[in-house]
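Me: I am new to this structure and would like to understand the reasons behind the words used to describe it. Could we go through them one at a time?

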Amino acid sequence: MNKTYVWDLPTRLFHWSLAALVAFQWLSGEFKDQLLEFHLLGGYAILALVAFRLLWGFVGSRYARFSDFLHGIGPTLAYARALRANAAPRYLGHNPLGGWMIVALLAMLALQGMTGLFARDEVVGGGPLRHMVSEHMGEILTGLHEASFNLLLLLVVAHVASIVAHRRFKGEDLVRPMLTGYKDSDEASKKQ
Ligand code: HEM
Ligand code: HEM
């Protein structure tokens with residue numbers, strides 16, 4: 001069986017630490033009265049991970065690059081149509097729809113982290129930049145920080161659901177390669 005090294009170590013470390021940190025942010029956000037201090041630290045770590053991934057999208061290995069998985073609207077729609085007809089080609093890296101999902105996740109995480117910097121809480125303080133904006137703007141950004149988390153959760157649910165669907169309908173396990181780095185590259189239908 002031929003195996004191709006698809007996900008480099010930094011991409012894998014990025015992914016699993018991001019997933020763990022988002023779970024931690026949820027928990028520490030819900031229990032902010034006791035855990036806000038750690039919530040801020042987790043938030044900085046996520047912002048750093050997002051910044052790293054943006055950089056890695058330009059200088060990382062082949063399949064980690066944006067140029068490998070970001071396609072224009074035409075090819076993305078063509079892929080979606082092929083998917084509906086159960087004739088979608090297999091990609092070793094991210095497929096065109098998955099590529100745009102990654103952009104959406106990174107954008108939501110950046111928004112979440114940046115609004116957090118200005119968010120405030122009457123009891124336990126807030127983000128380090130909260131004094132830079134008016135009280136009214138602070139309230140708006142805090143509201144956004146709370147609301148956008150729901151959208152982020154929705155994206156994460158869709159992300160995990162698509163991985164489960166991939167397994168169920170195409171019989172391909174995507175999780176293992178995100179752990180080991182390697183994908184089986186034997187199938188004739190693969191797209192390099
Ligand atoms: C908060 C939770 C999560 C977030 C924010 C998240 C985010 C992401 C991002 C940004 C990528 C792109 C990786 C890259 O190229 O850098 C990705 C890929 C991936 N994620 Fe997640 N993820 C989360 C949870 C999970 C979970 C729980 C699983 C396991 C079921 C999972 C499985 C995968 C897999 C298999 C890929 C690769 C998809 C492919 O082969 O194209 N993720 N995820
Ligand atoms: C991207 C990662 C982040 C996620 C997923 C996240 C998520 C959350 C959640 C779920 C809450 C609870 C909201 C509620 O009360 O309903 C919260 C509250 C809060 N977060 Fe974050 N957060 C993140 C980053 C940050 C950062 C970087 C900061 C500041 C440095 C921050 C500061 C705050 C503050 C001050 C609150 C309390 C505000 C309030 O009363 O709601 N967060 N966050």
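The exchange below takes up the overall make-up, then the helix pairs, two single residues and the two ligands.

Reply: Please keep in mind throughout that this is a predicted model.

Me: What helices and strands does the protein have, and what pattern do they follow along the sequence?

Reply: The protein has seven helices and six strands, and, read along the sequence, they follow the pattern β-α-α-α-α-β-α-β-β-α-α-β-β. The C-alpha atoms fill a box of roughly 60 × 30 × 30 Å along the principal axes, and of the 192 residues, 17% count as buried. Among contacts with a separation of 6 or more, 65% are between residues 24 or more positions apart.

Me: Why is α1 called roughly antiparallel to α2?

Reply: Two packed helices are described by the angle between their axes and the distance between the axes. Here α1 and α2, the latter covering residues 32-59, pack at an angle of about 155°, with their axes 9 Å apart. Angles over 145 degrees count as roughly antiparallel, and α1 is therefore roughly antiparallel to α2. The crossing in which α1 passes α2 is left-handed.

Me: Which residues of α1 and α2 meet?

Reply: On the α1 side they include Phe 14, Leu 18, Leu 21 and Phe 24, and on the α2 side they include Phe 38, Ile 46, Leu 49 and Trp 56. The residues of this contact between α1 and α2 divide into twelve nonpolar, eight polar and two charged.

Me: What makes α4 oblique to α5?

Reply: The axes of α4 and α5 lie 8 Å apart, and the two helices pack at an angle of about 120°. The range from 65 to 115 degrees is kept for roughly perpendicular pairs, and roughly antiparallel needs an angle over 145; the angle of about 120° fits neither description, and therefore α4 is oblique to α5. The contact is made by Pro 75, Thr 76, Tyr 79 and Ala 80 of α4 together with Pro 96, Leu 97 and Trp 100 of α5, and by class it has six nonpolar residues, one polar residue and no charged ones.

Me: How do you know that α5 and α6 are roughly antiparallel to each other?

Reply: Their axes come within 9 Å and cross at roughly 155°. As the cut-off for roughly antiparallel is an angle over 145 degrees, α5 and α6 therefore earn that description. The crossing of α5 and α6 is left-handed. Among the residues that meet are Met 101, Leu 105 and Met 108 in α5, and Leu 141, Phe 149 and Leu 152 in α6; by class, the contact of α5 with α6 has 13 nonpolar, seven polar and no charged residues.

Me: Why does Asn 86 count as exposed?

Reply: Asn 86 has 8 C-beta neighbours inside 10 Å, and a residue is exposed if 12 or fewer lie within that distance, so Asn 86 counts as exposed. Asn 86 is found in the loop between α4, residues 73-84, and β2, residues 90-91, and has a positive phi of about 60° although it is not a glycine.

Me: What makes Pro 128 partly exposed?

Reply: Pro 128 has 13 C-beta neighbours inside 10 Å. Exposed requires 12 or fewer and buried requires 20 or more, so Pro 128, with its 13, counts as partly exposed. Pro 128 lies in the loop between β4 and α6, and its C-alpha is 8.7 Å from that of Leu 40, although the two residues are 88 apart in sequence.

Me: What surrounds ligand 1, and which residues come nearest?

Reply: There are 20 residues around ligand 1, and Ala 19, Val 22, His 94, Leu 174 and Met 178 come nearest. The elements giving two or more residues to this shell are α1, α5, α6 and α7, with the largest share, six residues, coming from α1. By class, the shell has 14 nonpolar, five polar and one charged residues.

Me: Which element gives the largest share of the shell around ligand 2?

Reply: That share, seven residues, comes from α2. Ligand 2 is surrounded by 25 residues, of which Gln 25, Gly 29, Gly 43, Gly 116 and Gly 127 are the closest. By class, the shell around ligand 2 has eleven nonpolar, eleven polar and three charged residues.

Methods:
Residues numbered from 1 in each chain as written. Chains lettered and ligands numbered in written order. Predicted model: local features only at pLDDT ≥ 70, side-chain atom pairs only at ≥ 80, totals over all residues. Near = placed C-beta within 6 Å. Helix = DSSP H or I, 4+ residues; strand = E, 2+ residues; numbered from the N terminus. Nonpolar A, V, L, I, M, F, W, Y, C, P; charged D, E, K, R; others polar. Axes fitted to C-alpha atoms, helices over the stretch in contact; angles between N-to-C directions. Parallel < 35°, antiparallel > 145°, perpendicular 65-115°, else oblique. Left-handed = near helix turned anticlockwise from the far one by under 90°. Contact = placed C-beta atoms within 7 Å.
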